[in-house]
Amino acid sequence: MVVLGIESSCDETAAAVLADGRRVLSNVVASQDAIHAPYGGIVPELASRRHLEVIIPVVEKALADANMRLSDLDGVAVTQGPGLVGSLLVGCAVAKSIAYVHRLPLVAVNHLEGHIYATFLTEDPPEHPFLALVVSGGHTALYHARAPLEYTLVGQTRDDAAGEAFDKVAKLLGLGFPGGPVIERVAASGDPKAITFPLAQMSDGAPDFSFSGVKTSVSLYVKQHAPLGRPEIADVAASFQATVVKMLVRKTVKAALHHGIKRIVLTGGVAANGRLREALEAAAIDHGLHLHIPPRHLCTDNAAMIAAAGTARLAAGERAPLTLNAAPDLALAG
Ligand code: KG4
Ligand code: ZN
């Protein structure tokens, strides 16, 4: 089965062609970083407009790279949500048009399930059940994937998403956008133990996350110690990154042990972070857990992951109607 995946939920316009749910024949991602960088964050209207301009060339390139035509496809998978409504509408409209004209089955994909399915594009796909930590710019959540296409929400952030915290702290430090990659780069020359930022503890013991406290502490530190030189900025970046990584690793391992789950998946844009990958790997080994992490380019937004989740849902007989609408608040599980 050859499936075209389309992803436009945030600021990446992406299309991919996937064969048999596993073989990535093409994976094209057009980044909008340069458009949003001057604003230090994503401007939703600019994102939608840019998707509209580039989505057809991106789909054409995905087909050309895969050496396929639209008539070779067996299905179309598109991100329905969650995400920015104007951005989602562009991908949905294009996917629906292709499905309509070529009489192809259409399937709607939850973006977060897409992130989880990136793991199925690796040499070592996870067996169910597993615990998935999805860490992105818009979401930070732990899901128990009990069986294929079945999820239970185990914990989630009570305020900012982890990626959002990286982006906001990068802005505070004057490091630019997007924050994750630049913080990771700058942190490499800093001391992760230089400053102690608070680790959020849930008073009710829930496996939830919170990143607003550490972000506020960084903000206070920057104000109290201004102007910061390059070495101090590197120390703040390294200490902040270490705090976020510690929180993510602790809660994930604790939840896996609590629920008796032996396999963990780490995915989403923040999963591209080297320190997080290493720290979770080390913690997994310590606790006898098997960890699955997609390669970096499949952790950040892409359409191969959407095609992968879409293929699984098409195979399960799911179809979306041509009246499909974007769902900006779409939940993966309650
Ligand atoms: O999954 P993603 O590409 O888009 C959303 O679904 O939100 O995640 C984007 C987020 C951004 O906040 C970005 O700063 C963060 O992932 N990110 C990183 C790294 N690369 C991207 N965070 C930490 N370290 C990185 N290397
Ligand atoms: Zn994402």
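The exercises below, each with a worked solution, concern helix packing, nonpolar cores and selected residues in a predicted model.

Residues are numbered from 1 along each chain as its sequence is written, and chains are lettered from A, with ligands numbered from 1, in the order in which they are written. Because the model is predicted, local features need pLDDT of at least 70 and side-chain atom pairs count only at pLDDT 80 or more, while totals for chains, interfaces and linings use all residues; side-chain values use heavy atoms, with hydrogens and water left out.

**Exercise 1. Describe how helix 2 packs against helix 3.**

Solution. Helices (H or I, at least four residues) and strands (E, at least two) are DSSP runs numbered from the N terminus. Begin with the axes, which are lines fitted to C-alpha atoms, for helices over the stretch in contact, with angles running from 0 to 180 degrees between N-to-C directions. The axes of helix 2 (residues 44–66) and helix 3 (residues 85–102) come within 8 Å and cross at roughly 30 degrees. Angles under 35 degrees count as roughly parallel, over 145 as roughly antiparallel, 65 to 115 as roughly perpendicular and the rest as oblique; helix 2 and helix 3 are therefore roughly parallel to each other. Next comes handedness: the crossing of helix 2 past helix 3 is right-handed, where right-handed means that the near helix is turned clockwise from the far one by less than a right angle, and left-handed means anticlockwise. Last, list the contacts, meaning heavy atoms within 4.5 Å: from helix 2, Ala 47, Ser 48, His 51, Leu 52, Ile 55, Ile 56 and Val 59 meet Gly 86, Ser 87, Val 90, Gly 91, Val 94 and Ile 98 of helix 3. The residues of this contact of helix 2 with helix 3 comprise 8 nonpolar, 5 polar and no charged, under a scheme in which Ala, Val, Leu, Ile, Met, Phe, Trp, Tyr, Cys and Pro count as nonpolar, Asp, Glu, Lys and Arg as charged, and the others, Gly among them, as polar.

**Exercise 2. Give the angle, handedness and contact residues for helix 5 and helix 6.**

Solution. Helix 5 and helix 6 pack at an angle of about 65 degrees, and their axes are 8 Å apart. The crossing of helix 5 past helix 6 is left-handed. On the side of helix 5 the contact is made by Phe 166, Asp 167, Val 169 and Ala 170, and on the side of helix 6 by Gly 179, Gly 180, Val 182 and Ile 183. By class, the contact of helix 5 with helix 6 divides into 5 nonpolar, 2 polar and 1 charged. The loop between helix 5 and helix 6 holds Pro 178, and the peptide bond joining Phe 177 and Pro 178 is cis, with omega about -5 degrees.

**Exercise 3. Determine the relative direction of helix 7 and helix 8, and place Thr 243 in their contact.**

Solution. The axes of helix 7 and helix 8 come within 11 Å and cross at roughly 165 degrees, which makes helix 7 roughly antiparallel to helix 8. In the contact, Val 214, Val 218 and Tyr 221 of helix 7 meet Val 236, Phe 240 and Thr 243 of helix 8. Thr 243 counts as buried, at 7% relative accessibility, where buried means under 20% relative accessible area, exposed over 50% and partly exposed in between (1.4 Å probe, protein chains only). Leaving aside residues up to four places away in sequence, Thr 243 touches Phe 197, Pro 198, Leu 199 and Val 214.

**Exercise 4. Identify the residues that touch the most other members of the largest nonpolar core, and the helix that gives the most to it.**

Solution. A nonpolar core is a set of buried Ala, Val, Leu, Ile, Met, Phe, Trp, Tyr and Cys residues joined through side-chain atoms within 4.5 Å. The largest such core has 48 residues, of which Val 135, Phe 211, Phe 240 and Leu 248 touch the most other members. Among the elements that each supply at least two residues of this core are strand 6 (130–135), helix 7 (212–224) and helix 8 (230–259). Helix 8 gives the most to this core, with 13 residues. A second, separate core of 32 residues includes Leu 18, Leu 112, Ala 307 and Leu 314.

**Exercise 5. Compare the accessibility classes of Asp 20 and Glu 53.**

Solution. Asp 20 lies in the loop between strand 2 (12–19) and strand 3 (23–31), and has a positive phi of about 55 degrees although it is not a glycine. At 48% relative accessibility, Asp 20 counts as partly exposed. Glu 53 is placed in helix 2, and at 52% relative accessibility Glu 53 counts as exposed.
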